[in-house]
Amino acid sequence: MPVDRSLHIFPNDTPVCQLDAVDAFKALTEQERKYAHFLSKASFNGALACFMQVSPESPAIFYVLYKLFKAESIEQLKEKAVSVGFSDDDWQAFIVYAAVMYSNSGNYKGFGDSKIVPGVEEVSFFEVFFLTTFVFFQSKIRALIEKSVAGKDEKVKKTWDSVEKVIGSLNDNELQLGFGDVGVTSYLSSNITKADAEKIDRFLKQNNLESWNTRLFKEVGGDGKTTFTIRHASSEEGVVSEPVEFEGDVVQIVKGDYSPIMKRLHEWIDKAVPVAANKNQEEMLKKYVEHFKNGDIKLHKDGSRYWIKDIGPVVENYIGFIENYRDPAGTRAEFGGWVAAVNKETSRKFQTLVANAEEILKRLPWGADYEKDAFLKPDFTALDVITCAGSGIPAGINIPNYDEIRQSEGFKNVSLGNVISAQPKQKMNFLDEHDEELMFKFHKDSFEVQVGLHELLGHGSGKLFQKNADGTFNFDTEKVKDIVTGGPITKWYEPGETWSSKFGAFSNPYEECRAEAVGYVLCCDKDILEIFGYTGEVAQDVKYVNWLSEIRAGLLALEFYQADQKKWGQAHCYARYVLTKVVLEAGQGFVKIEETKGEDGKPDLHFKLDRNLIDSVGRPAVTAFLAKLQAYKSTGDFEGGKKLFESYGGVGETELHWRDVCIARRKPRRIFVQSNTVESNGEISLVTYSSDAAGVINSFVERFDDETLEDLHACWANDQKWF
């Protein structure tokens, strides 16, 4: 079946939204600005590791594009592009590709995990017949590089030569991130299989180790002996543990992955220590510096412990290998770093929610036995992001992700206000005019409510039943009953097991679904809506728009279903689709998806949710499903949880037809242009850029220097033997 190339091209009208931090930055003192600046530089420098994690070619593409746009202005390059055959559409497609590639920290979508290719291909039938589209549009880009100033550099030319063939290719095993036999990843060498990854998971569990900041490489020697090398991210290089035999193979642990990048990262963090606001921040940063030096994840955990004690800082940040969405095995984490300033007015709402959290948690459908022994009231603030470095920018965050800290010591929640408010005004597919108007009017308000409930009471709720090393349990084995069977608890987490290690890649969509469901259920309560400032008819509209937006999102999520492989490519999409199927199963006309014809005569859909049935049909259905999700998570019952989830996550013929319509009528996903902080004569200022592809490109060019890019290139070159 031929690949639909359009699914892998960001259109020329891709919206670029300004991540507006001007007012937030103005409100900071000079000391706070310096703190924000040093940690912003640390975040962006560290995030170069993301390019190393995504695909073998991503760092090289970034290197060539950086050199190209660094040496000449966009206007100068456009003139040269036109002279070698680019049309205006070709040029726009090229700079959109560059901007999107930068924004996703690689040539695979941060949201969706599918490959991104350039849209430079306005060709005639004659050219396609004799050349192939791929060769034609690559030859245009090659011609531009050869004519450019950067192209005179032999290193740039050789780097381009090494990746040119894969930049635009869409072979079956290149379409998505995944293990090397079916996809692409740089977390693992290309010869590593799912079985290999599971073997190393067993090794890590047996040795009480975790893989957050690691990559895994496999080498088969001339004697047929297989050696697995676990590489920790750190500036220091060397052996962590000598090779040992495990299940017939050899496993060794070393440090020094992304070494020069990690060195730049911790040097910037170190500069922030003298301008920290308090002792907690100082100790946090010192632990992070040591962690990025030697790769010991325990040091990052200790830094995170200081972080959760730093309540209500004016400048908030978190940095490290945090989210494990994109590792095919679901255990290794992507680098991410962000810096933000507190929005005091919105934060007051969230702090009120926190103050009432213990009472609200009692409304969730699992009872006190399935809740943490004591609710550890977290810091919950609304922030305006100054810097967010990684493969995407979330609307809300609940961290740290370390189970032992979250379960017994605490966590923080943040809502990123300027991300939520940065919405391009695009037609909202499948809605009637009245619902579309309500969505435009109340989307920001409803999303703020959903994010607050999702992060604090979704991710922040629930207990994991654990067996301790001494044979005792963290729950009453006589008293506590299984929610699903009504009988005694027969499954739990053994010593060394965590939520991520037990559920693997499945843990992400499952947990996102659980947190989303909490938001759906609790947004129905009048007093909760009042906390956010909504009463009367407005409150009912906010509640309705939340359900409408989220359940419709489950329909739109079908765009991210990989029909050829029968798998989902994005955790949040899979989660929302499952919940949409739950309410469709509830019936009674609560949710209707009808196949229609659009004004253009092409297939269309009409989505309708009956607001009068939210409390009587929608909420009970989601509540019952949520109870089962929590039961399987608490008991570590992977088999039961997977069976439940997949029973709703299947995509049949009807849904495949809906998927075709969703794809045909999809809207381009927004990307962001971020500011840069700049130091001059001891003072820090904020530099902003235009809200277009050129603005994104210029922001990245000015964010780094040549030496930093040479470090990235060196890391990439050292990796080539593994792919």
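**View 1. Helix α12 lies across strands β6 and β7.** This is a predicted model: local features need pLDDT of at least 70, side-chain atom pairs count only at pLDDT 80 or more, and totals for chains, interfaces and linings use all residues. Residues are numbered from 1 along each chain as its sequence is written, and side-chain values use heavy atoms, without hydrogens or water. Helix α12 spans residues 279-294 and runs at about 25° to β6. Strand β7 covers 334-342. Helices (H or I, at least four residues) and strands (E, at least two) are DSSP runs, numbered from the N terminus. Angles run from 0 to 180 degrees between N-to-C directions, with axes fitted to C-alpha atoms, for helices over the stretch in contact.

**View 2. The sheet beneath this title has five strands and is open.** What is the order of its strands? The order is β6-β7-β8-β10-β9, and the pairing is mixed. Strands pair if DSSP finds at least two bridges between them. At the edges stand β6 (315-323) and β9 (396-399), each pairing on one side only. From one strand to the next, the twist averages 35°. Strand β9 is antiparallel to β10 (residues 412-416), and four bridges join them. Look for Gly 396: Ser 415 in β10 is its bridge partner.

**View 3. A cis peptide bond leads from Ile 399 to Pro 400.** Its omega is near 5°. Pro 400 sits in the loop between β9 and α16 (403-408). Most residues other than glycine have a negative phi, and most peptide bonds are trans.

**View 4. Helix α10 lies across four strands, β2, β3, β4 and β5.** The helix takes in residues 194-206 and runs at about 65° to β3. Strand β5 covers 249-257. The open sheet has the order β2-β3-β5-β4, with mixed pairing. Why does β2 have one side without a neighbour in the sheet? Both β2 (214-220) and β4 (238-246) are edge strands with a single partner each, so one side of each has no neighbour in the sheet. Neighbouring strands here are turned by 20° against each other on average, direction ignored. Strands β2 and β3 (residues 226-233) run antiparallel and share seven bridges. Phe 217 faces Thr 229 of β3 across this pair.

**View 5. Strands β13 and β14 form a hairpin with five residues between them.** Strand β13 is residues 591-597, and β14 is residues 603-609. They pair in the antiparallel sense over seven bridges. Thr 596 stands opposite Asp 604 in β14. Which residue of this hairpin takes a positive phi? Gly 601 does, at a value near 80°.

**View 6. Strands β16 and β17 form a hairpin with two residues between them.** Strand β16 (residues 676-680) and strand β17 (residues 683-687) run antiparallel, joined by five bridges. Ser 680 has Glu 683 of β17 as its bridge partner. In the turn, Asn 681 has a positive phi of about 55°.

**View 7. Helices α2 and α11 come within 8 Å, axis to axis.** Helix α2 is residues 30-46 and α11 is residues 259-272; their axes cross at roughly 170°. They are therefore roughly antiparallel to each other, a term for angles over 145 degrees. Residues in contact have heavy atoms within 4.5 Å. On α2, the contact residues include Tyr 35, Phe 38 and Leu 39. On α11, they include Met 262, Leu 265 and Trp 268. By class, this contact has 10 nonpolar, three polar and three charged residues. Ala, Val, Leu, Ile, Met, Phe, Trp, Tyr, Cys and Pro count as nonpolar, Asp, Glu, Lys and Arg as charged, and the others, Gly among them, as polar.

**View 8. Helices α4 and α28 come within 9 Å, axis to axis.** Helix α4 (residues 58-71) crosses α28 (residues 706-719) at roughly 155°. That makes α4 roughly antiparallel to α28. Among the contact residues of α4 are Phe 62, Tyr 63 and Tyr 66. Helix α28 offers Leu 709, Leu 712 and Trp 716, among others. Eight nonpolar, one polar and four charged residues make up this contact.

**View 9. Ser 105 has a positive phi of about 55°, although it is not a glycine.** Ser 105 lies in the loop between α6 (88-103) and α7 (125-131).

**View 10. Over residues 122-136, the pLDDT is below 50.** pLDDT is the predictor's confidence in each residue, from 0 to 100. The chain averages 94, and 97% of the residues score at least 70. Beyond near neighbours in sequence, the stretch 122-136 has 16 contacts in the model. Where pLDDT is low, the predicted coordinates should not be read in detail.

How values were computed
Parallel < 35°, antiparallel > 145°, perpendicular 65-115°, else oblique.
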